[in-house]
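Trainee: I should like to go through this protein model step by step. May we begin with the structure itself?

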Amino acid sequence: MKTRRAWRTTERQAAKKDTGSAVRVSGLLAAAAGALRGRVGWALGAVLVLVLGLLGAWLFAGSEDRGTPPDPRARAYEDYDACLLTDERGIVSGAPAAPVWEGMQAASLDKRIRVTYVPVMGEQSVANAVPFLNGLVQRNCEIVVVSGAPQVAAAEAAVEKNPEVRFVTVAQDGGAAHGNLVRVAPGASLKDDIAATLKQLASGS
């Protein structure tokens with residue numbers, strides 16, 4: 001039979017054992033947490049090294065690309081933009097500006113001239129054509145080709161105000177002569193005449 005003193009001694013020993021177990025568990029948990037932190041840090045470091053390596057490879061490849069000569073098959077344009085102003089029908093087949101656009105495309109293939117076109121939408125009048133024409137001038141089109149009676153009238157009125165622009169109008173000759181204005185007569189040879197005119201202007205002659 002246990003005495004009260006022996007029973008208390010046993011309780012103290014059990015409490016010490018529980019405390020020791022708790023301490024050991026806490027130590028194991030702390031060690032595991034430290035190991036986990038170490039592994040996470042190692043993993044993050046590895047990811048960072050990998051990202052930096054990929055970034056360096058990308059920059060090195062980019063520097064090599066910049067030193068690569070251009071593809072000889074790439075189209076090299078001269079510094080000429082030829083812009084066509086048309087009526088609302090644009091360049092569809094059968095429209096008055098269709099052969100003009102074909103001639104401009106032919107000139108572009110030969111002289112490497114950039115060609116674009118803009119139709120005048122809305123009322124087909126000189127007043128309505130003027131903003132569209134001014135837009136082409138502001139876009140720094142070196143050559144402005146114009147088809148359609150209102151568009152031609154707007155262009156010929158703007159010739160003197162824009163001496164740095166070469167104007168090509170599809171119209172019968174007979175108006176005032178200007179050094180930066182060429183009139184091309186409509187007809188069966190309009191496509192070829194437009195192409196020849198643009199080539200001549202792009203060559204500086």
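Mentor: The following exchange concerns the fold, the surface and the aromatic rings. This is a predicted model, in which local features need pLDDT of at least 70 and side-chain atom pairs count only at pLDDT 80 or more, while totals for chains, interfaces and linings use all residues. Residues are numbered from 1 along each chain as its sequence is written, and side-chain values use heavy atoms, with hydrogens and water left out.

Trainee: In what order do the elements of the protein run from the N terminus?

Mentor: Helices (H or I, at least four residues) and strands (E, at least two) are DSSP runs, numbered from the N terminus. The protein has five helices and five strands. Their order is α-β-α-β-α-β-α-β-β-α.

Trainee: What percentage of the residues of the protein count as buried?

Mentor: Buried means under 20% relative accessible area, exposed over 50%, and partly exposed in between (1.4 Å probe, protein chains only). Among the 205 residues, the buried share is 27%.

Trainee: Which residues form the aromatic pair?

Mentor: Rings of Phe, Tyr and Trp (its six-membered ring) pair if their centres lie within 6.5 Å; planes under 30 degrees apart count as stacked, over 60 as edge-to-face and the rest as tilted. The whole structure holds one such pair. With 5.3 Å centre to centre and 65° between the planes, the edge-to-face partners are Trp-101 and Tyr-117.

Trainee: Is Tyr-117 buried, partly exposed or exposed?

Mentor: Tyr-117 lies in strand S2 (residues 114-119), and its partner Trp-101 in helix H2 (residues 98-111). Trp-101 is buried, at 13% relative accessible area. Because its relative accessibility is 37%, Tyr-117 is partly exposed.
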